[in-house]
Amino acid sequence: MSHEQFKDVIDALYKCATDCIHCEVACLEEDNVKGLVQCIKLDRECSETCIFAAKMLASDPEMSTDILNLCASICDLCATECEKHAGHMEHCKVCAESCRECAEACRSTVSLVS
């Protein structure tokens, strides 16, 4: 399988990673950093997992199902945490939306590569 057919999910993975990195940095600049520790941790874990999943999908789609499932789960966790802060922090709102979209893209892609 060519990675070209997975362009949309690869784009979603990189977008999610970028939004998570932005959210992490923005959270570190907030006044209540201690209250955002879990958000910051999940932003980091999610961005790293999304980047790894994108690389795996581009290089070896058949070997990507486990990492895509893991990525979807971490995206869900990150989205849930960011949603707690989305009412007063735009960066968390954007991150949560991106994570939800990415989780769905990962799950949809698993059925294609399985």
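These exercises with worked solutions concern a predicted model.

**Exercise 1. Helix α3**

Task: Compare the span of helix α3 with the expected value, then state which of its residues are buried and what they pack against.

Solution:
- Step 1. Helix α3 covers residues 65-83, which is 19 residues.
- Step 2. From its first C-alpha to its last, helix α3 reaches 27 Å, close to the 27 Å expected at 1.5 Å a residue.
- Step 3. The buried residues of α3 include Thr65, Leu68, Cys71, Cys75, Cys78 and Cys82.
- Step 4. The buried residues of α3 pack against α1, α2 (37-59) and α4 (90-113).

**Exercise 2. The nonpolar core**

Task: Find which residues touch the most other members of the largest nonpolar core, and which helix gives the most to this core.

Solution:
- Step 1. The largest nonpolar core has 39 residues, and Leu13, Cys46, Cys50, Cys75 and Cys99 touch the most other members.
- Step 2. At least two residues of this core come from each of α1, α2, α3 and α4.
- Step 3. With 10 residues, α4 gives the most to this core.
- Step 4. Take Cys50 as a case: leaving out residues up to four places away in sequence, Cys50 touches Leu13, Cys16, Ala17, Cys71, Cys75 and Cys102.
- Step 5. As background, nonpolar side chains in soluble globular proteins tend to be buried together.

**Exercise 3. Cysteines and disulfides**

Task: State how many disulfides the structure holds, and explain why Cys82 is not bonded to Cys39.

Solution:
- Step 1. A search of the whole structure finds zero disulfides.
- Step 2. The cysteine sulfur closest to that of Cys82 is in Cys39, at 3.6 Å.
- Step 3. A disulfide needs the two sulfur atoms within 2.5 Å, so the sulfur of Cys82 is too far from that of Cys39 for a bond.
- Step 4. Cys95 is also in no disulfide, its nearest cysteine sulfur being that of Cys20, 3.6 Å away.
- Step 5. Cys82 counts as buried because its relative accessibility is 0%, and Cys95 is buried with a relative accessible area of 0%.

**Exercise 4. Salt bridges**

Task: For the salt bridges Asp19 with Lys15, Asp76 with Arg100 and Lys84 with Glu81, give the N to O distance and the setting of each pair.

Solution:
- Step 1. The structure holds seven salt bridges. Side chains of opposite charge can pair when their charged atoms come close.
- Step 2. Asp19 and Lys15 meet at 2.7 Å, N to O. These two are separated by about one helical turn because they are four residues apart in helix α1. Asp19 is buried at 14% relative accessibility, whereas Lys15 is partly exposed at 43%.
- Step 3. Asp76 and Arg100 meet at 3.4 Å, N to O. This pair links distant parts of the chain, with Asp76 in helix α3 and Arg100 in helix α4, 24 residues apart. Arg100 has a relative accessible area of 32%, so it is partly exposed.
- Step 4. Asp76 and Arg100 also belong to a network of salt bridges that links them with Glu83 and Arg107.
- Step 5. In the pair of Lys84 and Glu81, the closest N and O atoms are 3.2 Å apart. Lys84 is exposed at 57% relative accessibility, and Glu81 is buried at 10%.

**Exercise 5. Glu24**

Task: Decide whether Glu24 is buried or exposed, and list its contacts.

Solution:
- Step 1. Glu24 lies in helix α1, residues 7-28.
- Step 2. Buried means under 20% relative accessible area. Glu24 has 11% relative accessibility, so it counts as buried.
- Step 3. Apart from neighbours within four places in sequence, Glu24 is in contact with Ile40, Asp43 and Arg44.

Technical notes:
Residues numbered from 1 in each chain as written. Predicted model: local features only at pLDDT ≥ 70, side-chain atom pairs only at ≥ 80, totals over all residues. Heavy atoms only, no water. Buried < 20%, exposed > 50% of the residue type's maximum accessible area, 1.4 Å probe, protein only. Contact = heavy atoms within 4.5 Å. Expected span 1.5 Å × (residues − 1). Salt bridge = Lys/Arg side-chain N within 4 Å of Asp/Glu carboxyl O. Core = buried A, V, L, I, M, F, W, Y, C linked by side-chain atoms within 4.5 Å.
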